[in-house]
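Visitor: Got a minute to walk me through this one? I'd like to start with the sheets and then move on to the ligand.

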Amino acid sequence: MSTVSKEIREGIAIITVDNPPVNALSHSVREGLAREMKELASNADVSAIVVACAGRTFIAGADIREFGSPPQPPHLPDVVNDIEAMEKPVVAAIHGTALGGGLEVALSCHYRVALASAKIGLPEVKLGILPGAGGTQRLPRIAGPANALDAIISGRHVSAKEAKSWGVLDEIVEDNLLEAAIAFAKAAAGNGPRRTGEMKIDGTKFGPEFFAGFRKSIARQTRGYFAPEHCIRCVEAAVSLPLEEGLKRERELFQECMANPQAKALQHMFFAERQVSRIPGIDKNTPRRDIRRVGIIGAGTMGGGIAMNFANVGIPVTILEVEQPALDRGLGVVRKNYERSAAKGKLTSEQVEGLMDQFTGTLSYDDLSDCDLIIEAVFETMEIKKKVFGELDRVAKKGAILASNTSYLDVNEIAACTKRPEDVLGLHFFSPANVMRLLEIVRADKTAPDVLATCVDLAKAIRKVGVVAGVCHGFIGNRMLSPYGREAALAVIEGAKPEEVDAALFTFGMPMGPMTMSDMAGLDIGYLNRQGVGRENYETKAYDWMDRLVESGRKGLKVGAGVYAYEDGSRTPKPDPDVQKLIEEESVKAGIERRAISSDEIVERCMMALINEGAKILGEGKAYRASDIDVVYVNGYGYPAYRGGPMHYADSLGLKNVYDKICEFGEKFGPRWWQPAPLLKELAEAGKSFADFDRENAG
Ligand code: T1G
């Protein structure tokens, strides 16, 4: 069955693309569009053409799955140019999301009619590339260079209303899209084509200073990314060159992006995020439980943030605290968060009230008896967790899902203190919980399939990326963070300054260095953890200097002093000579001769430690895919997406090289912490990658 069909109604040809799930511009679609346009160009019975799509959306772009193989003709730029060249008016009928190559097809049409609910966008930059079928030349001509840059660099989905204000859409309708497009085509038949490519840009306002200003304005958010600068150069070409030369320049810059390893890494992340919801033993026939009301235990920072996720999607929340002042404080923080969004114009004051109406505060566990899901977000000790779950076991209704927001603790042990362990799992949100996209869904040994399936779906419903992890200390993210942090702290005691360690990892692409991160989290958190696990269970050389800081009152940013100094309430870390002096004293105490440590060594040790722990987690089955680990690190720990996450990064280095490096570190720093993960050894010796592992275990 062809993915492109044609029907002629009263002299109007309707070309329909039908290529589920998102009408991507696969080879057959490009062929079909080229074939039909060619036929219609000379079809005397036809005065105008409508391009529409079946299914849930207009064309959502080129077929990303085809990127790995050599492009087959007809190539999209040619298909698009042929559409624009048509002598008969071509009208695009847009519903859902017209994205990437899909918007480029629509821009090559002479007119565009859309549903009010439709969105348009050029998100290619999120795939490490740029709009390569005329989008960077036609969008600036019709919407102006400033709007075009906004759309191309942000990759955001632009509403129909805004797109119309940009001049991209000619008409917006609430429904009956096809009829409206046909009527529009009939009316346009008399006017002939209006080619976007022929529209002029008033270049006077968009000179070098405009582009310099724009580059400055995005420097921070695009740090380390390759494609954004190429996108800007394309729009500069649109302003300064005639269409044909601009399209040629776009093609050159597109090829450069496609050849850059960042494109492969970001495309890996695209599919990795879509794989996370594929869980062995769970499919569409697995029952789900209805979640109509959610209970939250604890109205602290985490509890409040978690609750907002549900209120934001219309699920009412009952939030429990032990005392009224704590409850008032918690709900007050939630209201402040919403009011901050309102102040930025993201919410109206009515919407703020509507959202706050979703919240019911209580001091009594009994008020949770009608909740379908109850999430505990109380202090991180097993004793308190068990007490809370004992209460939940008493009050929660039959079939309610009981979840812990623990970051580290044993969910099996928590589940065991209820008479319904099959209804218990971990839902580990990341702070700030109403902002961070990542959700670790911790599958306990007895968690029932319908409980897991319900929470995997729920993650998507509350706009999170839900990654399933097995029970182990710190699950996926925090477990890997520990060896990463160890190597960073060891580098300090061996000779690197804290700011050098941070600078090395910041340059690598981390949003901040581990020392700054520790100060933000609070050095006392790690200190108490270490007190709990005992000196024999961690590398004392790495952390004794930090413990001295805590014992001297330097608990981190919250007290204005930690590894760094924070003067007058500022959040800017400043190296502190007192700290450096303490570190050097601790090196002597530990019998360490300090040495110069290069940034490369710092990055290598931290990354190899991260990767090796990831391979252990994968080998133990505590994560289903290496790509799941990449999703955790990119969405929960700020790992640079343009490196594809730690496991994809390892593949880019070659697992044999990674394995050899870890063995080398074992010889140099001792085998205690540098034992290659068995899975890493196995894959390296077999000449395989983590991607091979995922493919072979896709089940
Ligand atoms: N190509 C191939 N498969 C795609 C696809 C695409 N462009 N978009 C989605 N899919 C698959 C996806 O993997 C999933 O498959 C299913 O469709 C549903 O997607 C020259 C070169 C459209 C907003 O970047 O943003 O055009 O997992 O789960 O949440 O300039 O998909 O079910 O097997 O995401 O409702 C530019 C990418 C391409 C848009 C729908 N376009 N897609 O979101 O569903 S580059 C994009 C999306 C380009 C030209 C260049 C979203 C969506 P499976 P989903 P959703």
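Guide: Sure. One definition before the strands: two of them count as paired if DSSP finds at least two bridges between them. And keep in mind that this is a predicted model.

Visitor: OK, so how many bridges join S15 to S16?
Guide: Four, between residues 424-429 of strand S15 and residues 438-443 of strand S16, and the two run antiparallel. Leu427 stands opposite Ile441 in S16.

Visitor: What's the strand order in the open sheet they belong to?
Guide: The order is S12-S11-S10-S13-S14-S15-S16-S17, eight strands with mixed pairing. Strand S12 (359-362) and strand S17 (465-470) are at the edges; each has a single partner strand, so one side of each has no neighbour in the sheet. On average, neighbouring strands here are turned by 25° against each other, ignoring direction.

Visitor: And which strands make up the six-stranded open sheet?
Guide: S1-S2-S3-S4-S6-S9, in that order, again with mixed pairing. Its edge strands are S1 (4-9) and S9 (171-173), each pairing on one side only. The average turn between neighbours in this sheet is 20°, direction ignored.

Visitor: Do me a pair from there: how do S3 and S4 run, parallel or antiparallel?
Guide: Parallel, with three bridges joining residues 48-53 of S3 to residues 90-94 of S4. Val51 is the residue that stands opposite Ala92 in S4.

Visitor: Switching to the ligand. Which residues come nearest?
Guide: Ala62, Gly101, Glu104, Glu124 and Arg274, out of the 30 residues around the ligand.

Visitor: What about arginines and the ligand's oxygen atoms, how far apart are they?
Guide: For Arg274, a polar side-chain atom lies 2.6 Å from a ligand oxygen. Arg56 has a polar side-chain atom 2.9 Å from an oxygen atom of the ligand, and for Arg278 the distance from a side-chain N or O atom to a ligand oxygen is 3.3 Å. As for cover, the ligand on its own has 1000 Å² of accessible area, and the protein covers 80% of that.

Visitor: Which elements give two or more residues to the shell?
Guide: Strand S5 (97-99), helix H3 (101-108) and helix H11 (261-275). H11 gives the largest share, three residues.

Visitor: How does the shell divide into nonpolar, polar and charged?
Guide: The split is 16 nonpolar, six polar and eight charged residues.

Visitor: Now the backbone oddities. Where's the cis peptide bond with omega near 5°?
Guide: That one runs from Pro20 to Pro21. Pro21 is in the loop between strand S2 (12-17) and helix H1 (27-41). Another cis bond joins Pro73 and Pro74, with omega about 0°, and Pro74 sits in the loop between S3 and helix H2 (76-85).

Visitor: Then phi: what value does Asn176 have?
Guide: About 50°, positive although Asn176 is not a glycine. Asn176 is in the loop between S9 and helix H7 (177-189). Phe475 also isn't a glycine, and its phi is positive, near 55°; Phe475 lies in the loop between S17 and helix H18 (477-494).

Visitor: Is Phe475 buried or exposed?
Guide: Buried: its relative accessibility is 0%, and the cut-off for buried is under 20%. Asn176 has a relative accessible area of 52%, so Asn176 counts as exposed.

Visitor: Last one: where is His648 placed?
Guide: In helix H26, residues 646-653. His648 counts as buried, at 13% relative accessibility.

Notes: Residues numbered from 1 in each chain as written. Predicted model: local features only at pLDDT ≥ 70, side-chain atom pairs only at ≥ 80, totals over all residues. Heavy atoms only, no water. Axes fitted to C-alpha atoms, helices over the stretch in contact; angles between N-to-C directions. Near = heavy atom within 4 Å. Polar contact = N/O pair within 3.5 Å; in protein donor to acceptor, adjacent residues only side chain to side chain. Areas by Shrake-Rupley, 256 points an atom, 1.4 Å probe, with all protein chains shown as cover. Nonpolar A, V, L, I, M, F, W, Y, C, P; charged D, E, K, R; others polar. Buried < 20%, exposed > 50% of the residue type's maximum accessible area, 1.4 Å probe, protein only.
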